[in-house]
Amino acid sequence: SSELELEIDTLDRNAREQKSAESFLQKIQNQNQKVHYLNKHCLEYLNTSKQLDYELVFIDCDKICYPEILNNLKEKTKPGTIWIFDNVLWHGRLDETRHTKPSDKAIQEFWKLVLSQNQKYTLFPAGDGLLVLNH
């Protein structure tokens, strides 16, 4: 069948990394899959988008962006969308008194937002933590 089974938008602000991903995905992609490669910063994309019609969003970018990304996704994705954030345990630097780098503060703020919402989530503590949220 020639019906489209999977459509992916992938964002990367680094053109070289984007080309590397494109080269890899072309080797494993089948004819029923379509991948759009967007060379943009995630916040530029989110801030200029109105509604996002995704079933699943995977986020692995600068941790400083996580709070703003979470707020954007809350406003712009439909109910039922699954959000997956990578590296949410941030090497254990969640203690606000001991860890004060901008990326540490961003992850701490991100967790405050997550915990303040009445939203189901699952934390997979393997590696540096994977957080799955159901919008």
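Me: What do the buried residues of α4 pack against?
Reply: In this predicted model, the buried residues of α4 are packed against α3 (66-76), β4 (82-86), β5 (121-124) and β6 (130-134). Local features need pLDDT of at least 70 and side-chain atom pairs pLDDT 80 or more, whereas totals for chains, interfaces and linings use all residues. Residues are numbered from 1 along each chain as its sequence is written, and side-chain values use heavy atoms, without hydrogens and water.

Me: What makes residues 102-116 a helix, and how does the span of α4 compare with the expected one?
Reply: Helices are DSSP runs of H or I with at least four residues (strands: E, at least two), numbered from the N terminus. Helix α4 has 15 residues. Its C-alpha span, first to last, is 21 Å, close to the expected 21 Å, which is 1.5 Å times one less than the number of residues.

Me: Why is Leu115 called exposed?
Reply: Leu115, in α4, has a relative accessible area of 55%, and is therefore exposed, the cut-off being over 50% (buried: under 20%; partly exposed: in between; 1.4 Å probe, protein chains only). Among the buried residues of α4 are Phe110, Trp111 and Leu113.

Me: Which residues touch the most other members of the largest nonpolar core?
Reply: Of its 24 residues, these are Ile69, Leu70, Leu73, Phe85, Phe110 and Leu131. Helix α4 gives the most to this core, with five residues. Such a core joins buried Ala, Val, Leu, Ile, Met, Phe, Trp, Tyr and Cys residues through side-chain atoms within 4.5 Å.

Me: What is Ile69 in contact with, beyond its neighbours within four places in sequence?
Reply: Ile69 is in contact (heavy atoms within 4.5 Å) with Cys42, Leu43, Leu46, Ile59, Cys61 and Phe85.
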